[in-house]
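Let's walk through this model together, with one helix and a few ring contacts as our stops. Keep your viewer open as you read.

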Amino acid sequence: MFNGLHNMSPSDADLATQALSEEGKYRFPSFNASDAVTLGLSLRKRFRASTRHAKGKGLVISIQTIAGHTLFACTVGDLGDASGIGDVSLDSFACLEGMINTVKRTGHSSFYVEKGMSAMGKTPGQLGIQADPFRVNGGAFPIWLENAPCCPIAIVGCYSGSSQDDHNFAITLPKCDEIAWPSHPIFQNRAHLFLLDMKAR
């Protein structure tokens with residue numbers, strides 16, 4: 001009788017709470033241009049190896065400073081092929097820029113804003129993020145530094161058209177052999193959990 005309760009999808013409020021918790025946990029002791037390139041290339045490599053890419057899905061990635069300077073950007077997939085169906089579209093980067101602008105405006109991940117707004121029954125206009133240049137979809141995530149709570153230092157964004165998937169992908173970690181993990185306990189624990197997750201797949 002109660003089996004169905006265990007299979008219920010999390011509410012928007014639950015997803016917003018989880019996204020906010022992720023922002024508090026995923027913080028860097030330092031972050032520079034080389035780190036951005038390492039992170040971006042790792043995201044590209046992991047998406048190319050994913051089942052979503054094998055099914056014809058494309059992805060655009062952008063890592064920017066909070067001031068808007070591009071540290072890394074690339075497209076995974078092609079605009080069109082012989083079938084006339086592209087992996088990405090002409091407006092993919094425009095959509096991603098809108099999501100990044102939402103992070104700049106609010107200081108929170110675009111997924112948190114999307115789910116928090118839905119949970120409160122608010123509209124983008126009521127939050128001051130209506131239409132251009134903003135887009136309220138998951139996929140853009142703030143990069144915070146430890147001991148620097150004033151504002152994020154950078155933003156990592158991924159867009160393929162799926163809010164939940166793009167958010168989950170934006171916060172995934174590079175494989176441990178692709179980046180020099182800091183010695184901070186947070187990073188050591190994240191690396192350990194990532195390895196366990198990879199072994200379970």
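We begin with a helix and then turn to the aromatic rings.

This is a predicted model, in which local features need pLDDT of at least 70 and side-chain atom pairs count only at pLDDT 80 or more, while totals for chains, interfaces and linings use all residues. Residues are numbered from 1 along each chain as its sequence is written, and side-chain values use heavy atoms, leaving out hydrogens and water.

Start at helix H5, residues 92–106 (helices are DSSP runs of H or I with at least four residues, strands are runs of E with at least two, numbered from the N terminus). At 1.5 Å a residue, its 15 residues should span 21 Å (1.5 Å times one less than the number of residues), and the end C-alpha atoms agree at 22 Å apart. Buried residues of H5 (under 20% relative accessible area, 1.4 Å probe, protein chains only) include Cys 95, Leu 96, Met 99 and Val 103. Among the elements covering the buried residues (contact means heavy atoms within 4.5 Å) are strand S2 and helix H6. Just after H5, Gly 107 has a positive phi of about 80°.

Now for the rings. The structure has 3 aromatic pairs (ring centres of Phe, Tyr or the six-membered ring of Trp within 6.5 Å; planes under 30 degrees apart are stacked, over 60 edge-to-face, the rest tilted). One of them, Tyr 26 with Phe 141, is tilted, at 6.4 Å centre to centre and 50° between the planes. This pair links parts of the chain 115 residues apart, and both Tyr 26 and Phe 141 are buried. Phe 47 and Phe 169 pair edge-to-face, at 5.7 Å and 80°. Phe 47 lies in helix H3 and Phe 169 in helix H7, so the pair ties together parts 122 residues apart in sequence.

Definitions and conventions
Buried means under 20% relative accessible area, exposed over 50%, partly exposed in between (1.4 Å probe, protein chains only).
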